[in-house]
Amino acid sequence: MEYDLEIVVPVSSRYLSRVEDFKKYGLINIGDNKVLVDLVLSGEEIEGVEKGWPENVDAKSFKYSKNDYASNIYRHFLEMQPKARWVMKIDDDSCTDVAGLLENIEKYNDPEEKCYLAASCSRFENVAVGGREFELRELYEEFFGPNFLMFQHEIECSVISSVGLKHIVSDERSRKFLEKRIECSGGATDVGLPYAA
């Protein structure tokens, strides 16, 4: 693999200062690790967003025509060809100790195995009730049955082995679920992918 960590992050020109702060403070203690940041843009372009990153960090923009960041994050995961051992999804208002993260993950997990890790987990009903994901509960029930509310999903952050991500998107049921989820506007980026996993 060309990189140690590939980070998927939605960005918006409405919050351009967050993008600039993320470049400065979002990725710390990189060390010798090579990092690729996938900047997911929704219906816009942001000039210079790929420039000004720390040493050992490359950034690439992915522009999607739909103006919906949740749909576009799921689309990105379906279409991407991972270029790192680990793929991480975070928001642009976070801070990650890259070397510490990779050291601790690989202390307990093999990047050649199917692996999906989350910063913290919650049941669907605890986070999504009243929100767009809850409105889409018929979609979740169609694929995961009536007990889908009992499933856990990440909150804010996940790290997936590239092997695990390839397995998710190659599984027929998971792929069909994500394709249907992409068609739905709004919602969160931290519910659909763990369900597909």
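Biologist: So two strands count as paired if DSSP finds at least two bridges between them. With that in mind, how many bridges do β1 and β3 share here?

Modeller: Seven, and the two strands run in the parallel sense. This is a predicted model, by the way. Strand β1 covers residues 3-11, while β3 covers residues 35-42.

Biologist: Can you give me one pair to look for? Which residue of β3 is the bridge partner of Val-8?

Modeller: Look for Asp-38, which is the partner of Val-8.

Biologist: And how many bridges does β3 make with β4?

Modeller: Eight, with β3 and β4 also pairing in the parallel sense. Strand β4 is made of residues 57-64. To find your way, start from Val-37, which has Ala-59 of β4 opposite it.

Biologist: Okay, so is β3 mostly covered or exposed?

Modeller: Mostly covered: eight of its eight residues are buried.

Biologist: Which residues of β3 point which way?

Modeller: Val-35, Val-37, Leu-39 and Leu-41 go one way, and Leu-36, Asp-38, Val-40 and Ser-42 go the other way. Both groups are buried. Asp-38, the partner of Val-8, is among the buried ones.

Biologist: Let's zoom out. What's in the whole protein, in terms of helices and strands?

Modeller: You'll find nine helices and ten strands. The radius of gyration is 16 Å, close to the 16 Å from the globule rule for 197 residues, so the protein is as compact as a globular protein of that length. Along the principal axes, the C-alpha trace spans about 50 × 40 × 30 Å.

Biologist: How much of it is buried?

Modeller: Buried residues account for 48% of the 197. As for the outside, the accessible surface is about 9900 Å², and carbon and sulfur atoms own 46% of that.

Biologist: What about contacts between residues far along the chain?

Modeller: Take the contacts between residues at least 6 apart in sequence: 79% of them join residues at least 24 apart.

Biologist: And the charges? How many of each?

Modeller: There are 24 positive side chains and 37 negative ones. The centres of those two sets lie 4 Å apart.

Biologist: Back to the loops. What's odd about Asn-29?

Modeller: Asn-29 isn't a glycine, yet its phi is positive, about 50°. It sits in the loop between β2 and β3, and it is partly exposed, with a relative accessible area of 47%.

Biologist: What about Asn-56, where is that?

Modeller: In the loop between β3 and β4. Asn-56 has a positive phi too, about 75°, and it isn't a glycine either.

Biologist: Why does Asn-56 count as partly exposed?

Modeller: Because its relative accessibility is 27%, and partly exposed runs between the under 20% of buried and the over 50% of exposed.

Biologist: Which residues does Asn-56 touch?

Modeller: Leaving out residues up to four places away in sequence, Asn-56 touches Ile-30, Gly-31, Asp-32, Asn-33, Lys-34 and Val-35. Val-35 belongs to the β3 group we went through, alongside Val-37, Leu-39 and Leu-41.

Biologist: One last spot. Is Phe-148 buried or exposed?

Modeller: Buried, because its relative accessibility is 3%, and buried means under 20%. Phe-148 belongs to the loop between α6 and β9. From Phe-148 to Glu-135 is 14 Å, C-alpha to C-alpha, and they are 13 residues apart in sequence.

How values were computed:
Residues numbered from 1 in each chain as written. Predicted model: local features only at pLDDT ≥ 70, side-chain atom pairs only at ≥ 80, totals over all residues. Heavy atoms only, no water. Helix = DSSP H or I, 4+ residues; strand = E, 2+ residues; numbered from the N terminus. Rg over C-alpha atoms; globule rule 2.2 N^0.38 Å. Buried < 20%, exposed > 50% of the residue type's maximum accessible area, 1.4 Å probe, protein only. Contact = heavy atoms within 4.5 Å. Areas by Shrake-Rupley, 256 points an atom, 1.4 Å probe, with all protein chains shown as cover. Lys, Arg positive; Asp, Glu negative; His and termini not counted. Charge placed at Lys NZ, Arg CZ, Asp CG, Glu CD.
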